[in-house]
Amino acid sequence: MEIKLLDEIACAREHGMPAALVTIIQTRGSTPRKAGSKMLIYPDGRMFGTIGGGCAEAEVRLKALQAIHEKQCITVQVSMLNDVAAEEGMVCGGIMDVFIQVI
């Protein structure tokens, strides 16, 4: 894990600020980032780091905000395979599984 991300997590914890740590746990096919990529999401929607950007990241960000609100960790699968994904600009053609950990 990047030192800057660890510092960001420590700062959030020190200030009692809830957040969600998003980690790509598995990918299949072509995806913008691979397993182990991480980003941090705050309740106000701010992000630190990236899991690849675009519509997939935006979808995961919304799930992370929901997880923070419900104080519950979840796993999310993002598919960039079908016509709908292509219409939304997700041209990678893969699938990624993401773990959202509320911290």
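## A charge over a ring

Let's start with a pairing that is easy to find on screen: Arg46 lies over the face of Tyr42, at 4.3 Å from the ring centre. Please keep in mind as you look around that this is a predicted model.

If you go on to look for ring-to-ring partners, a search of the whole structure turns up zero aromatic pairs.

## Strand E1 and its neighbours

Strand E1 covers residues 20–28, and strand E2 covers 38–41. E1 and E2 pair in the antiparallel sense, over four bridges. To see one of the matched positions, pick Leu21, whose bridge partner in E2 is Leu40.

E1 also pairs with strand E5, residues 95–102. This pairing is antiparallel too and runs over eight bridges. Here a handy residue to click on is Val22, which stands opposite Ile100 in E5.

## Thr31 in the loop

Between E1 and E2 there is a loop, and Thr31 has its place there. Is Thr31 buried or exposed? With a relative accessible area of 9%, Thr31 is buried, because buried here means under 20%.

The side chain of Thr31 has polar company. It reaches the backbone oxygen of Arg33 at 2.8 Å, and it makes a polar contact with the side chain of Lys34 at 3.2 Å. Leaving aside residues up to four places away in sequence, Thr31 touches Met80, Cys92, Gly94, Ile95 and Met96. One of these, Ile95, belongs to E5, the strand that pairs with E1.

## Lys71 after helix H2

Now move to the loop between helix H2 (54–70) and strand E4 (74–79), where you will find Lys71. Its backbone deserves a look: Lys71 has a positive phi of about 55 degrees, although it is not a glycine.

How accessible is Lys71, buried or exposed? Its relative accessibility is 71%, so Lys71 counts as exposed, the cut-off being over 50%.

## The cysteines

A disulfide is a covalent bond between the sulfur atoms of two cysteines. How many disulfides does a search of the whole structure find? The search finds zero.

Two of the cysteines can be described by their accessibility. Cys55 has a relative accessible area of 30% and is partly exposed. Cys73 is at 38% relative accessibility, so it also counts as partly exposed. Both values fall in between the limits of 20% for buried and 50% for exposed. Another cysteine, Cys92, appeared earlier among the residues that Thr31 touches.

Methods
Residues numbered from 1 in each chain as written. Predicted model: local features only at pLDDT ≥ 70, side-chain atom pairs only at ≥ 80, totals over all residues. Heavy atoms only, no water. Helix = DSSP H or I, 4+ residues; strand = E, 2+ residues; numbered from the N terminus. Buried < 20%, exposed > 50% of the residue type's maximum accessible area, 1.4 Å probe, protein only. Polar contact = N/O pair within 3.5 Å; in protein donor to acceptor, adjacent residues only side chain to side chain. Contact = heavy atoms within 4.5 Å. Pairing = 2+ DSSP bridges. Disulfide = S-S within 2.5 Å. Phe/Tyr/Trp six-rings, centres within 6.5 Å; stacked < 30°, edge-to-face > 60°. Lys NZ or Arg CZ within 6 Å of the ring centre and 35° of its normal.
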